[in-house]
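Me: Hi! Could you walk me through the structure I'm about to paste in?

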Amino acid sequence: MSVAGTYKTVVKSPMGDQTGTFTVVPGDDDDSFTGTMAGGMGQMEVEDGKIDGNTLTWKMNMTVPMPMTLECEATVDGDQMTGTVNAGAFGAMPLTGQKEA
């Protein structure tokens, strides 16, 4: 199963639902990926993206509304993505996504 693609995502944050577009681009090997998360707070690059079966882990450096490293994990099941975005002192926020056609 390929986890590659573009997902419409929602992160339930303390500031309300943050919608975005998350792209997953597998690397040269089968266990890494790059991509971006673009939304209302700008675009963030995927860093240290890893693929383990249908589970993705990655980091992103948020700059707005404050500088922070987000640690993310999500599992892809068919066209659905579910996981968490860990925002340091703000804790883990639920992440859901739907793969675009």
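Reply: Happy to; we can go through a pocket, a residue beside it and some ring pairs. Keep in mind that this is a predicted model.

Me: Pocket first, then. What volume does the largest pocket have?

Reply: The volume of the largest pocket comes out at about 360 Å³. Its lining is made up of 25 residues, and the closest to the centre are Gln 18, Met 41, Met 62, Leu 70 and Met 93.

Me: And which strands supply at least two residues of that lining each?

Reply: Those are β1 (5–13), β2 (16–26), β3 (32–39), β4 (42–45), β6 (55–62) and β7 (68–77).

Me: Useful for setting up a probe. How many nonpolar, polar and charged residues are in the lining?

Reply: There are 17 nonpolar and 8 polar residues, and no charged residues in the lining of the largest pocket.

Me: Switching to a single residue: where is Ser 13 found?

Reply: Ser 13 belongs to strand β1.

Me: Is Ser 13 buried or exposed, and why?

Reply: Buried, because its relative accessibility is 14%, and the cut-off for buried is under 20%.

Me: OK, what does the side chain of Ser 13 reach?

Reply: The backbone oxygen of Gly 16, at 2.7 Å.

Me: Which residues does Ser 13 touch if I skip those up to four places away in sequence?

Reply: With that filter, Ser 13 touches Gln 18 and Met 93. Both names came up before: Gln 18 and Met 93 are among the residues closest to the centre of the largest pocket.

Me: Nice link. Now aromatics: how many aromatic pairs are in the whole structure?

Reply: The search finds 3 aromatic pairs. One of them joins Phe 22 and Phe 33, and it counts as edge-to-face because the ring centres are 6.4 Å apart and the planes sit at 85 degrees. Phe 22 is in strand β2 and Phe 33 in strand β3, 11 residues apart, so the pair links distant parts of the chain.

Me: Are those two rings' residues buried or exposed?

Reply: Phe 22 and Phe 33 are both buried.

Me: What about Phe 22 and Trp 58: how are their rings arranged?

Reply: That pair is stacked, since the centres are 4.6 Å apart and the planes are at 20 degrees. With Phe 22 in strand β2 and Trp 58 in strand β6, the pair ties together parts 36 residues apart in sequence. Phe 22 and Trp 58 are both buried too.

Me: So which residues do the ring pairs link into a cluster?

Reply: Phe 22, Phe 33 and Trp 58.

Note on methods:
Residues are numbered from 1 along each chain as its sequence is written. This is a predicted model: local features need pLDDT of at least 70, side-chain atom pairs count only at pLDDT 80 or more; totals for chains, interfaces and linings use all residues. Side-chain values use heavy atoms; hydrogens and water are left out. On a 1 Å grid over the protein atoms alone, a cavity is a set of points where a 1.4 Å probe fits but cannot get out, and a pocket is an open set with protein on both sides within 12 Å along at least five of seven lines; lining residues have an atom within 4 Å of a point. Grid points are joined across faces, edges and corners, and a volume is the space filled by probe spheres set on the points. Helices (H or I, at least four residues) and strands (E, at least two) are DSSP runs, numbered from the N terminus. Ala, Val, Leu, Ile, Met, Phe, Trp, Tyr, Cys and Pro count as nonpolar, Asp, Glu, Lys and Arg as charged, and the others, Gly among them, as polar. Buried means under 20% relative accessible area, exposed over 50%, partly exposed in between (1.4 Å probe, protein chains only). A polar contact is a pair of N or O atoms within 3.5 Å; within protein, one must be able to donate a hydrogen and the other to accept it, and residues adjacent in sequence count only if both atoms are side-chain atoms. Contact means heavy atoms within 4.5 Å. Rings of Phe, Tyr and Trp (its six-membered ring) pair if their centres lie within 6.5 Å; planes under 30 degrees apart count as stacked, over 60 as edge-to-face and the rest as tilted.
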